[in-house]
Amino acid sequence: LNGTLGTQNSCYATNPGPTFSECRHTPVVPAVNQPVTVSVRAQDPQAVSSCEVWWSANGAAFAHAAMSPQVPGVYSGTIPGFAAGTLVQFYVRATDGLGAASTWPAKSTNAGALYEVNDGQANLNNGHNFRVLLSPANWALLRAATNLMSSAFLPGTLIYDEQRAYYEVGI
């Protein structure tokens, strides 16, 4: 490496905004018209001044609602209920005390945090059930004739047995 002893972070930012962990939504597969609670642990050395959950139903424009602090550092917000089979993409946006904002997942509107309102299609009596969810835009991209043989990964969510969500999986 031409005499260098290491590498340097090429994306240094003086204040990148809050960091996130433990993000989840409940229920994992909501019933028709059942609201969904999104919770996340958001932290920042300058304190978290606000936290919001953003969502899009079936590819429509994103709406948002404030998230409220629960136990220290954990915020929760509610997404309204929708009809059967509605695909909801969501993300969390938080701002710190100095005004720096960040999102989870990092790509916000282009990320893979999704759920689908119960459509009655799961068969839990015959082995395991997997739901593979992509945003409408990424589903269209995946199915485009020019991409059928692509080896690129698109962000999505895997739902296992209607109980566990794995966000940001490459599909």
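Is Cys23 buried or exposed? Cys23 is buried, as its relative accessible area is 14%; buried means under 20% relative accessible area, exposed means over 50%, and partly exposed is what falls in between, with a 1.4 Å probe and protein chains only. Before going on, a word about the model: it is predicted, so local features need pLDDT of at least 70 and side-chain atom pairs count only at pLDDT 80 or more, while totals for chains, interfaces and linings use all residues. Residues are numbered from 1 along each chain as its sequence is written, and side-chain values use heavy atoms, leaving out hydrogens and water.

Let's stay with the cysteines for a moment. Cys51 is buried too, at 3% relative accessibility. Why don't Cys23 and Cys51 form a bond? The sulfur of Cys23 has its closest cysteine sulfur in Cys51, and at 8.9 Å that is too far for a bond. A disulfide is a pair of cysteine sulfur atoms within 2.5 Å, and by this rule the count is zero.

Now step back and take in the whole chain. It has one helix and twelve strands; helices (H or I, at least four residues) and strands (E, at least two) are DSSP runs, numbered from the N terminus. Walk along from the N terminus and you meet the elements as β-β-β-β-β-β-β-β-β-β-α-β-β. The C-alpha atoms fill a box of roughly 55 × 45 × 30 Å along the principal axes. Of the 171 residues, 39% count as buried. Contact means heavy atoms within 4.5 Å, and of the contacts with a separation of 6 or more, 62% are between residues 24 or more positions apart.

What sits inside? A nonpolar core is a set of buried Ala, Val, Leu, Ile, Met, Phe, Trp, Tyr and Cys residues joined through side-chain atoms within 4.5 Å. The largest one here has 31 residues, and Val38, Met67, Ile79, Phe90 and Val92 have the most contacts inside it. Several strands give two or more residues to this core, among them strand 1 (19-26), strand 2 (36-43), strand 6 (74-79) and strand 7 (87-96). For a feel of the packing, look at Ile79: leaving aside neighbours within four places in sequence, Ile79 is in contact with Pro35, Val36, Val38, Val53, Trp55, Val88, Phe90 and Tyr115.

Some of those strands also belong to a sheet. Two strands pair if DSSP finds at least two bridges between them. Four strands make an open sheet in the order 1-2-6-5, with antiparallel pairing. Strand 1 and strand 5 (68-69) are at the edges with a single partner strand each, so one side of each has no neighbour in the sheet. Strand 1 and strand 2 run antiparallel and are joined by six bridges; in this pairing, Phe20 stands opposite Ala42 in strand 2.

Strands 1 and 2 are linked through side chains as well. Arg41 forms a salt bridge with Glu22, with 3.1 Å between the closest N and O atoms; a salt bridge is a side-chain nitrogen of Lys or Arg within 4 Å of a carboxyl oxygen of Asp or Glu. Arg41 lies in strand 2 and Glu22 in strand 1, so the pair ties together parts that are 19 residues apart in sequence. Arg41 is partly exposed, at 22% relative accessible area. In total the structure holds four salt bridges.

For another cluster of charges, find Arg131. Its side chain meets that of Glu116 in a salt bridge (2.8 Å, N to O), linking strand 9 with strand 10 (residues 130-133) across 15 residues. Arg131 also meets Glu162 in a salt bridge, again 2.8 Å from N to O. Glu162 sits in the loop between strand 11 (155-160) and strand 12, 31 residues from Arg131. Shared partners join Glu116, Asp119, Arg131 and Glu162 into one network. Arg131 is buried at 7% relative accessible area, Glu116 is buried at 17%, and Glu162 is buried at 14%.

Strand 10 itself has two faces: Arg131 and Leu133 are on the covered one, Phe130 and Val132 on the uncovered one. Strand 10 pairs with strand 11 in the antiparallel sense over four bridges, and Phe130 has Tyr160 in strand 11 as its bridge partner.

Last stop, the helix. Asn138 is found in helix 1 (residues 136-143) and counts as buried, at 13% relative accessibility. Not counting residues up to four places away in sequence, Asn138 touches Leu154 and Pro155.
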